[in-house]
Amino acid sequence: ECGACTVIIDGKAVNSCLYHIMETEGKSVTTIEGLASQDGILHPLQKAFIDNGAVQCGFCTPGMIMSAKALTDNKEKPTEEEIKDAVAGNLCRCTGYVKIIDAIKSFAGGR
């Protein structure tokens, strides 16, 4: 319910804690570990979070990034409102939402 466990299943961001494992058969599942390249180079979205200071305690970061990835995979230039809607299910206890939204806008605007 907090969004920290968000993964992408067939292009859609879902909370893995609420998704039955048996429903993943035959589907594409991407986790935060699947974003970096094989040689360890971070995905540009992960880099945008670092560059914009959007990582505080780090608990929400994987879920925020995965929700943002699902959004930007389906909408190349999302509006700020669309970004807010996409991460609405991800809770940040450090109140880092401004920098998180800035990071997502930075990534979306830079490609």
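In this predicted model, the sulfur of Cys60 lies 3.9 Å from the closest cysteine sulfur, that of Cys92, which is too far for a bond. Cys60 itself is buried, because its relative accessibility is 9%. A comparable question arises at Cys5, where the closest cysteine sulfur belongs to Cys17; the distance is 3.7 Å, again too far for a bond. Cys5 is partly exposed, since its relative accessible area is 24%. A disulfide requires two cysteine sulfur atoms within 2.5 Å, and a search of the whole structure finds zero disulfides.

The strands may be considered next. Three of them form an open sheet, in the order β2-β1-β3, with antiparallel pairing. Strands β2 (12-15) and β3 (29-30) stand at the edges; each has a single partner strand, and therefore one side of each is left without a neighbour in the sheet. Strand β1, made of residues 6-9, is joined to β3 by two bridges, and these two strands run antiparallel. Within this part of the sheet, Ile8 stands opposite Thr30, a residue of β3.

A helix accompanies the sheet. Helix α2, which comprises residues 61-74, lies across β1, β2 and β3 and runs at about 30 degrees to β1.

Helix α2 also has a part in the surroundings of helix α1, for what covers the buried residues of α1 includes α2 and α4 (97-109). In α1, which spans residues 44-51, the residues Leu45, Gln46, Ala48 and Phe49 are buried. They lie on the same side of α1, because the arc they cover around the axis is only 155 degrees. The face turned away from this buried side carries Ile50 and Asp51, which are exposed. After α1 comes Gly53, which has a positive phi, near 65 degrees.

The last region to examine is helix α3, formed by residues 80-86, in which Glu80 is placed. Is Glu80 buried, exposed or partly exposed? Glu80 counts as partly exposed, because its relative accessibility is 35%, and the partly exposed range lies between the 20% limit for buried residues and the 50% limit for exposed ones. Which residues does Glu80 touch, leaving aside those up to four places away in sequence? Glu80 touches Ile101 and Lys105. Between Glu80 and Ile101 the separation in sequence is 21 residues, while their C-alpha atoms are 7.4 Å apart in space.

Conventions. Residues are numbered from 1 along each chain as its sequence is written. This is a predicted model: local features need pLDDT of at least 70, side-chain atom pairs count only at pLDDT 80 or more; totals for chains, interfaces and linings use all residues. Side-chain values use heavy atoms; hydrogens and water are left out. Helices (H or I, at least four residues) and strands (E, at least two) are DSSP runs, numbered from the N terminus. Buried means under 20% relative accessible area, exposed over 50%, partly exposed in between (1.4 Å probe, protein chains only). Contact means heavy atoms within 4.5 Å. Two strands pair if DSSP finds at least two bridges between them. Axes are lines fitted to C-alpha atoms, for helices over the stretch in contact, and angles run from 0 to 180 degrees between N-to-C directions. The arc is that of the directions from the helix axis to the C-beta atoms.
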